[in-house]
There are 2 protein chains.
Amino acid sequence: MTQISADSSVLTFINVFTVKPENQERLVELLTSATNVSVRYATGFISSSLHRSTDGTKVTMYAQWRSLEDYQAMRDDPKPLPYFQEALTIATFEPGMYKVVKTFEPVKE
Amino acid sequence: MTQISADSSVLTFINVFTVKPENQERLVELLTSATNVSVRYATGFISSSLHRSTDGTKVTMYAQWRSLEDYQAMRDDPKPLPYFQEALTIATFEPGMYKVVKTFEPVKE
């Protein structure tokens, strides 16, 4: 389970991949494999959650890291490269690095 | 706190706003106001988390809803419209509606 809180010092990466619907499942497999062979073993990796859009055209990874240095060190690992490279033959991606500003809960009336 | 889990039936909206860095703070204020006057009172709203990119060019709202019908009913509420309308004068936005495929935890070696 991933927990989002404005109180934590984590760095959040929200990477949005755009894909043809017929390739969405393959993209999910590739990002899952990259995470399982490499990312989950990386120092400073806290949690990630993979999302598929209901219209089939997007896959978004929401990932939490302890620091930018830890994230960059993972990017130097060659093990996930074949998965990322195949992913980029079927998808484009828009990366984003964030801090959480605030979380909102329902108002109980 | 927002919790992400593949086991839940929630519908997730990840809306990425692109903005000039000098307008990022104002956009955060507008989305906060829209959430506080309307979204938090809506039936079926579970949680949302607002993120600002460290480079100043993006603001991303990660929001969980019980159903599409609940989300659409909120969109018919006129109260947050002034905030959304001002937001769209300083930002573009790319909406996305998702299901969580999987969450990943670190492997403890």
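Which residues does Val100(A) touch, not counting residues up to four places away in sequence? The contacts come from both chains. Within chain A they are Ile4(A), Ser5(A), Ala6(A), Thr12(A) and Tyr62(A). From chain B, Leu50(B) and His51(B) join the list.

## Model and confidence

This is a predicted model. Chain A averages a pLDDT of 94. Of its residues, 99% score at least 70. For the model, ipTM is 0.94 and pTM is 0.95.

Where pLDDT is low, predicted coordinates should not be read in detail.

## Fold of chain A

Chain A holds 3 helices and 6 strands. Read from the N terminus, the order is β-β-α-β-β-α-α-β-β. The C-alpha trace spans about 45 × 35 × 20 Å along its principal axes.

How far apart in sequence are the residues that contacts join? Take the contacts in chain A between residues at least 6 apart. Of these, 77% join residues at least 24 apart.

## Burial, surface and charge

Chain A has 109 residues, and 48% of them count as buried. The chain exposes about 5400 Å². Carbon and sulfur atoms supply 51% of that area.

Chain A carries 11 positive and 13 negative charges. The mean positions of the two sets lie 2 Å apart.

## The two copies

How is chain B placed relative to chain A? A turn of 180° with a shift of 0.0 Å along the axis lays chain B on chain A, at an RMSD of 0.0 Å. The two copies are therefore related as by a two-fold rotation axis. In chain B, the C-alpha nearest that axis belongs to Gln3(B), at 2.3 Å.

The interface follows suit. Of the interface residues of chain B, 100% are also interface residues in chain A, so the copies meet through the same surface.

## Val100(A): contacts in both chains

Val100(A) sits in strand β6, residues 97–104 of chain A. Is Val100(A) buried or exposed? Its relative accessibility is 14%, so Val100(A) counts as buried; the cut-off is under 20%.

Ile4(A) is one of the residues that Val100(A) touches. The two are 96 residues apart along the chain, yet their C-alpha atoms are separated by 7.7 Å. On the partner chain, Val100(A) touches Leu50(B) and His51(B).

## Trp65(A): a long contact list

Trp65(A) belongs to strand β4, which covers residues 58–65 of chain A. Trp65(A) is buried, with a relative accessible area of 1%.

What does Trp65(A) touch beyond four places in sequence? Before it in the sequence come Val10(A), Leu11(A), Phe13(A), Val39(A), Ala42(A), Thr43(A), Gly44(A), Phe45(A) and Ile46(A). After it come Asp70(A), Tyr71(A) and Met74(A). Lys20(A) is another matter: 45 residues away along the chain, its C-alpha atom is 29 Å from that of Trp65(A).

## Gln24(A): in helix α1

Gln24(A) lies in helix α1, residues 24–37 of chain A. Its relative accessibility of 10% makes Gln24(A) count as buried.

Leaving out residues up to four places away, Gln24(A) touches Val19(A), Arg52(A), Ser53(A), Gly56(A), Thr57(A), Lys58(A) and Val59(A). Among them, Lys58(A) and Val59(A) fall within the residue range of strand β4, 58–65.

Notes: Residues are numbered from 1 along each chain as its sequence is written. Chains are lettered from A and ligands numbered from 1 in the order in which they are written. This is a predicted model: local features need pLDDT of at least 70, side-chain atom pairs count only at pLDDT 80 or more; totals for chains, interfaces and linings use all residues. Side-chain values use heavy atoms; hydrogens and water are left out. pLDDT is the predictor's confidence in each residue, from 0 to 100. Copies are superposed by least squares on the C-alpha atoms of residues with pLDDT of at least 70 in both. Contact means heavy atoms within 4.5 Å. Helices (H or I, at least four residues) and strands (E, at least two) are DSSP runs, numbered from the N terminus. Buried means under 20% relative accessible area, exposed over 50%, partly exposed in between (1.4 Å probe, protein chains only). Accessible areas come from the Shrake-Rupley method with a 1.4 Å probe; for residues, only the protein chains shown count as cover. Lys and Arg count as positive and Asp and Glu as negative; His and the chain ends are not counted. The place of a charge is taken as NZ of Lys, CZ of Arg, CG of Asp or CD of Glu.
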